[in-house]
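Me: Could you take a close look at the charged side-chain pairs in this model for me? Once that part is clear, please carry on to whatever else stands out, and keep it connected.

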Amino acid sequence: MAALLNRLSKACLTSTKHNFKISTYARHMSNIPEDTVYGGPKPQNPDKRVTLTTLRAKHRKGEGITMVTAYDYPSAVHLDTAGIDIALVGDSASMVVHGYDTTLPITLEEMLVHCRSVARGAKRPLLVGDLAFGTYESSSQQAVDTAVRVLKEGGMDAIKLEGGAPSRISAAKHIVEAGIAVMGHVGLTPQAISVLGGFRPQGKNVLSAVKVVETALALQDAGCFSVVLECVPAPVAAAATAVLKIPTIGIGAGPFCSGQVLVYHDLLGMMQHPHHAKVTPKFCKQFALVGEVITKALSEYKQEVENRSFPGIMHSPYKINGAEVDGFMKELQKMGLDKAAAAVAEVAENFVGDKIQ
Ligand code: KIV
């Protein structure tokens, strides 16, 4: 505790934004997803791929770092297009994509599928992949092996792991030593709900608040390039941000972090279904109500298919000219398929040649 207070007061006396030791935290990574014969979306700023150097520069200048979760190709393309700095393939996929109540059930294999899809869609953001529950807790060796797979098979640039128990700090250190950039995660760590007693905010009393800061410092000392602070009171996040040299990324941790992260589905207001509305966290601002748009579009589609107004001429683009239609009808008649020929004759007036736009 005394050591922590000492570090905190030192941090308050000197500006932490300008005394960053690049050698300690430097790590450049940018896995380029494979090209395909079809090509893919080009990065919005091909020469400005986000690396740890980019993040350090933003942090030094006091610019907010943006991180959003992504789980698949379209969400990744959207993040890239919007210029988001970090795409986190979060194990929240377990809840918002797979429909589980917690992040515990998702497997490494499932996470790797999400990682690869995101790597194909997000060419510019730094790609961070969560280590799934049960894939890194047994030993530092297991943690390194899993982290390596997330980079080699998932195409990620870095990994994130939760918690700050000594074994977790050791795992983070070993992963960094293996050449893999690590993001820490403290405060509410959803993989630990079993011991936390549910999705509960952390740092609400002196002991717990100090633990949040101490754990973040330990993760920094282990070589992490950044730490997520989840569901802690704003003053606790402010303390951690002041004392750390690496950027803090807040979620439900108030405005005094170096950057912010939100879950894609939450920030877009995707989950308008009552079951999901219930799990959208109260700290999350819904920047859109995409769920309402989706439900409205699906209802209109259903209605138009049922009343046969979709697809009309406009969405029936493939042409056949009059001569071919005549020949086709004759063939059908020769085959004894008069009913089919009559069907062609009935629609030909509207769906032949130039009449189709
Ligand atoms: O999995 C996730 O989405 C996360 C964020 C909440 C930081 O870990």
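**Charged pairs and beyond**

Reply: A good pair to begin with is R49 and D157, which form a salt bridge whose closest N and O atoms are 3.3 Å apart. This contact joins distant parts of the chain, since 108 residues separate the two partners. R49 sits in the loop between α2 (22–25) and α3 (52–61), while D157 belongs to the loop between α7 (140–152) and β4 (158–160). Both R49 and D157 are buried. Please keep in mind throughout that this is a predicted model. As a general background, side chains of opposite charge can pair when their charged atoms come close.

The structure holds nine salt bridges, and two others are worth your time. One of them is formed by E109 with R149, where the closest N and O atoms are 2.9 Å apart. This pair, too, connects distant parts of the chain: E109 is in helix α6 (residues 108–121) and R149 in helix α7, 40 residues apart. How exposed are these partners? E109 has 45% relative accessibility and therefore counts as partly exposed. R149, with a relative accessible area of 27%, is partly exposed as well. E109 and R149 also take part in a network of salt bridges, in which they are linked together with E153.

The next pair is E331 with K334, again a salt bridge, with 2.9 Å between the closest N and O atoms. Here the partners are three residues apart in helix α15, so about one helical turn separates them. E331 is partly exposed, because its relative accessibility is 40%. K334, by contrast, is exposed, as its relative accessible area is 67%.

From the salt bridges we can move to the ligand, where polar side chains appear again. The residues around the ligand are T69, L88, G90, D91, S92, D130, K160, H185, E230, I251 and V263. Three of these surroundings can be described by distance. For S92, a polar side-chain atom lies 2.5 Å from an oxygen atom of the ligand. For K160, an N or O atom of the side chain is 2.9 Å from a ligand oxygen. For D91, a polar side-chain atom is found 3.0 Å from an oxygen atom of the ligand. How much of the ligand is covered? On its own, the ligand has 260 Å² of accessible area, and the protein covers 95% of that.

E230 from that list is also the last residue of the range given for β6 (226–230), and C231 lies in the loop between β6 and α11 (234–243). C231 is not a glycine, yet its phi is positive, at about 50°. With a relative accessible area of 12%, C231 is buried. Another cysteine, C115, is buried too, its relative accessible area being 1%. As for cysteine cross-links, the structure holds zero disulfides.

C231 has a counterpart in backbone geometry: R308 is likewise a residue other than glycine with a positive phi, near 65°. R308 lies in the loop between α14 and α15, and at 72% relative accessibility R308 counts as exposed. The loop between α14 and α15 (322–334) also contains P311. The peptide bond leading from F310 into P311 is cis, with omega near -5°.

F310 brings us to one last feature, on the surface. Together with Y301 and V305, F310 makes a nonpolar surface patch of about 270 Å². V305 is found in helix α14 (residues 290–306), and at 35% relative accessibility V305 counts as partly exposed. F310 thus appears both in the cis peptide bond and in the nonpolar patch, which makes it a handy place to end the tour.

Technical notes: Residues numbered from 1 in each chain as written. Predicted model: local features only at pLDDT ≥ 70, side-chain atom pairs only at ≥ 80, totals over all residues. Heavy atoms only, no water. Patch = residues over 30% accessible without salt bridge, like charges linked within 9 Å, V, L, I, M, F, W, Y side chains within 5 Å. Areas by Shrake-Rupley, 256 points an atom, 1.4 Å probe, with all protein chains shown as cover. Salt bridge = Lys/Arg side-chain N within 4 Å of Asp/Glu carboxyl O. Helix = DSSP H or I, 4+ residues; strand = E, 2+ residues; numbered from the N terminus. Buried < 20%, exposed > 50% of the residue type's maximum accessible area, 1.4 Å probe, protein only. Near = heavy atom within 4 Å. Polar contact = N/O pair within 3.5 Å; in protein donor to acceptor, adjacent residues only side chain to side chain. Disulfide = S-S within 2.5 Å.
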